[in-house]
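The following account is intended to be read with the coordinates open. It begins with the overall fold and proceeds to individual residues.

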Amino acid sequence: MNATALPATPPDGLAPVYAQYPFEVASAEGVWLMGAGGERVLDLYGGHAVAALGYGHRGWTEALIAQARACQFQTNALPMPIRARAARRLLDFSGLDLASVFLVSTGAEANENALRLALRMTSRTHVAAVEGAFHGRTAAASAVTWGSEAWYGFPRKPFEVSFMPRGDLAAVEAQVTERTAAVIVEPVQGLAGAVDLGAEYLAALRRRCGQVGALLIFDEVQCGFGRIGAPFAATLYGVVPDMITTAKALGNGFPVAALLTSAKVSATLKVGLLGTTYGGGPMACATVLAALEAIESEGLLENIRRVSAYIRKTCVVGPVTATQGEGFLLGLRTSRPAKQVQAQLLQRGILAGGASDPNVVRLLPPFILKEEHVDLLRDALSGL
Ligand SMILES: Cc1ncc(COP(=O)(O)O)c(C=O)c1O
């Protein structure tokens, strides 16, 4: 493919806030993106971890079309069986002792609501977050995002925030206190470069939150809903938080996010406390149900675990010195700048992501990726 086919700045009319990859997508199928001239790119980035089922998934597409025909939208104030079905199946899929689901549209919105509930429930003013974390771009979500000072923009944060170094148990003791409303954590950090915080650290957060009466929020917007080869990190690590937020893979591209709450949190909910226009719309719910159906009936969690192990085994070649992360939230640690490796991969027809760590190439492939695709990555990396 021609890596210089498009200008580096966005076309006229679009806010110039995203650097543009030099590849214009015309269509997509399975794990492949196609350009207008027929050139193909293997997608190991999945549109920021969103395209969980790949492209053109028949069941998901048909579910979306059928729901659009039946009734494309109704407010949460009008009961629709598909909404209740989506919530119930999501709770069942988690395998966790959680009580209710509030459906919204974006990851940041889910986090915003989770933080609001925690602050309200505890009447406290401090939130502890973890260095390296990304939680979104709304006022509260970006307040707990590491390094957001560079772009925050609001005159002040809506509550007091402190950041704990990753894995530092002493910092957990010191910073999570009787003043703390919530701890918010990505169990496997995404933007940071696929950094797995691990069962021991997450269990320590759970313990400390219990001791001081703070609420534990797992931001599984990126790592959840199957991406790490288990329904949620909470399921994988056996640590049950008070709230889980999830999005991205959840709708396979339809904007949908969810806030899952424990019975304790759920018991504080009442009419009028939370709200949204688009959240829980029937098309969003149809996509969640279709994604769940595909994950379960196509054995995609097992596929993720197997193919992830294959990536780890075969792709420490060329500039890659190690792998990190879990399942299909993987980081390839590179001996030279990751941006350079990413650009060279794209020239060879492979799209990978970056991370805030300049030496990590991030892989967030569709859950349907197979070993034969990994072989293409290995061969490309070997030649760099
Ligand atoms: C862990 C995490 N939390 C929250 C968000 C924000 O989600 P959204 O962009 O849907 O608001 C993201 C997005 O990348 C994320 O990775």
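The paragraphs below treat the whole chain, its domains, one helix pair and several single residues in turn.

The model is predicted. Its secondary structure comprises 13 helices and 16 strands. For a protein of 384 residues, a compact globule would have a radius of gyration near 21 Å, and the value computed here is 21 Å, which agrees with that expectation. Along the principal axes, the C-alpha atoms fill a box of roughly 55 × 55 × 45 Å. Of the 384 residues, 49% are buried. Among contacts with a separation of 6 or more, 71% join residues that are 24 or more positions apart.

The domain assignment divides the protein into two parts. Domain 1 consists of 27-57 together with 299-382, whereas domain 2 covers 58-297. The centres of domain 1 and domain 2, taken over C-alpha atoms, are separated by 25 Å. To the contact between them, domain 1 gives 28 residues and domain 2 gives 26 residues.

Which elements of domain 1 give two or more residues to the side that touches domain 2? They are the helices α1 (46-49) and α11 (300-314) and the strands β13 (320-326), β14 (329-334) and β16 (360-363). Helix α11 supplies the largest share of this side, with five residues. Sorted by class, the side of domain 1 that touches domain 2 has 14 nonpolar, 10 polar and four charged residues.

Two of the elements just named contain residues that merit individual attention. In α11 one finds K313. This lysine has 11 C-beta neighbours inside 10 Å and therefore counts as exposed, the limit for that class being 12 or fewer. The C-alpha atoms of K313 and T323 are separated by 9.1 Å, and the two residues are 10 residues apart along the chain.

The other residue is H48, which is found in helix α1. Most residues other than glycine have a negative phi. H48, although not a glycine, has a positive phi of about 60 degrees. Because H48 has 13 C-beta neighbours inside 10 Å, it counts as partly exposed.

A second positive phi occurs at A194, with a value of about 65 degrees, and this residue is likewise not a glycine. A194 lies in the loop between β8 (188-189) and β9 (195-196). Is A194 buried or exposed? With 30 other C-beta atoms within 10 Å, A194 is buried, since 20 or more suffice for that class.

Attention now turns to a pair of helices. The axes of helix α3 (residues 81-94) and helix α10 (residues 282-297) come within 9 Å and cross at roughly 35 degrees. The crossing in which α3 passes α10 is left-handed. On the α3 side, the contact is made by I82, R83, R85, A86, R89, L90 and F93, while α10 contributes P282, C285, A286, V288, L289 and L292. By class, this contact of α3 with α10 has 10 nonpolar and three charged residues, with no polar residues.

Two further residues illustrate how positions apart in sequence are arranged in space. H135 occupies the loop between β5 (126-130) and α5 (139-143). It is buried, because 30 other C-beta atoms lie within 10 Å. Leaving aside neighbours within four places in sequence, H135 is in contact with N111, A141, V144, T145, I184 and D219. The C-alpha atoms of H135 and E220 are separated by 9.6 Å, and these residues are 85 residues apart along the chain.

F163 belongs to strand β6 (residues 160-164). Having 17 C-beta neighbours inside 10 Å, F163 counts as partly exposed. What does F163 contact, once its neighbours within four places in sequence are left aside? The residues concerned are A129, V130, E131 and W146. F163 and E24 are 139 residues apart along the chain, and their C-alpha atoms are separated by 39 Å.

Technical notes: Residues numbered from 1 in each chain as written. Predicted model: local features only at pLDDT ≥ 70, side-chain atom pairs only at ≥ 80, totals over all residues. Helix = DSSP H or I, 4+ residues; strand = E, 2+ residues; numbered from the N terminus. Rg over C-alpha atoms; globule rule 2.2 N^0.38 Å. Contact = placed C-beta atoms within 7 Å. Domains from an automatic or database assignment. Nonpolar A, V, L, I, M, F, W, Y, C, P; charged D, E, K, R; others polar. Axes fitted to C-alpha atoms, helices over the stretch in contact; angles between N-to-C directions. Left-handed = near helix turned anticlockwise from the far one by under 90°.
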